[in-house]
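Student: I have just opened this model. Can we go through some of the terms used for it?

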Amino acid sequence: MTSPLLDPASDPLADPTIAARHLADAVVAAGAVAAAMFRAGVKSWSKHNDSPVTEADLAVDAMLRERLGALAPAYGWLSEETVDEPSRLERDRVWIVDPIDGTRAYMAGGADWCVEAALVERGRPIAGALFAPVTDELFVAVLGGGATRNGQPIRVSQAAQVEGALVDGPGPWLSHIDRAGPVRRHPRIRSLALRIARVATGELDAAFASPNGNDWDLAAADLLVHEAYGRLTTLDGLPLAYNAPVPRHGALVSAGALLHPSMLDAAR
């Protein structure tokens, strides 16, 4: 199922494929900014919820908003580092952005952080891009058009059994899953988006997310894994809806299509 095309005469991003190209260019440029700022040394502090933020988060956020906003001024905007604007709820299309997903990894000099951005239309992503600067990986997805890493198509693993599956997620969740069959635990990937991207590439068989993941952590990776023939759902097996008044989600399960039903049962 593909998104209905808008009129190209009135919207140059009517075709999601074009939007995806712009998103890819934007996250690569933003990733370069974040990497350069890390090398130069950046200040960091804690937000009101005790999550960390750095100068790079804010600089990348401003860059992406200027760049993407100039492409489509009528679209809504939702980002982790921008004060929420209720006007987004009135827009059919919304940019959803995480300037740096995995800020703790970024601050520690790790590889498991990324810049991600998606275009959401009426609650679902239709184009998305995710760039991991340290490993130089660019993931791009288009609704109905597939998913790629550095230009090469990607696909989820064909694993079908919980037992022996390679998984990543919060420790308590994995201990719970073990009751359905011992799984292999991957070292924790601190960026939730990258964790789901590793399911899309088949490097992980499944990934889990604790409650309270936000739209900006998930939108681009959601489209990526679905276009790679996998799934990302709630524990009820439902797809995620984006751009809600409260852009937050419950516990989530992502896996290849063959494994997802069994992993979902094990997670409940």
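**Terms put to the test**

Tutor: In α6, the buried residues (under 20% relative accessible area, 1.4 Å probe, protein chains only) are Asp 215, Trp 216, Asp 217, Leu 218, Ala 219, Ala 220, Ala 221, Asp 222, Leu 223, Leu 224, Val 225 and Glu 227. This is a predicted model, where local features need pLDDT of at least 70, side-chain atom pairs count only at pLDDT 80 or more, and totals for chains, interfaces and linings use all residues. Residues are numbered from 1 along each chain as its sequence is written, and side-chain values use heavy atoms, without hydrogens and water.

Student: What makes α6 mostly covered?

Tutor: The count: 12 of the 13 residues of α6 are buried.

Student: How do you know that the span of helix α6 agrees with its residues?

Tutor: The expected span is 1.5 Å times one less than the number of residues. For the 13 residues 215–227 that gives 18 Å, and the end C-alpha atoms are 18 Å apart, so the two agree.

Student: Why does Thr 201 count as buried?

Tutor: Its relative accessibility is 15%, so Thr 201 counts as buried. Thr 201 lies in the loop between α5 and β12.

Student: What makes a polar contact between the side chains of Thr 201 and Glu 203?

Tutor: A polar contact is a pair of N or O atoms within 3.5 Å; within protein, one must be able to donate a hydrogen and the other to accept it, and residues adjacent in sequence count only if both atoms are side-chain atoms. The side chains of Thr 201 and Glu 203 make one at 2.5 Å.

Conventions: Helix = DSSP H or I, 4+ residues; strand = E, 2+ residues; numbered from the N terminus. Buried < 20%, exposed > 50% of the residue type's maximum accessible area, 1.4 Å probe, protein only.
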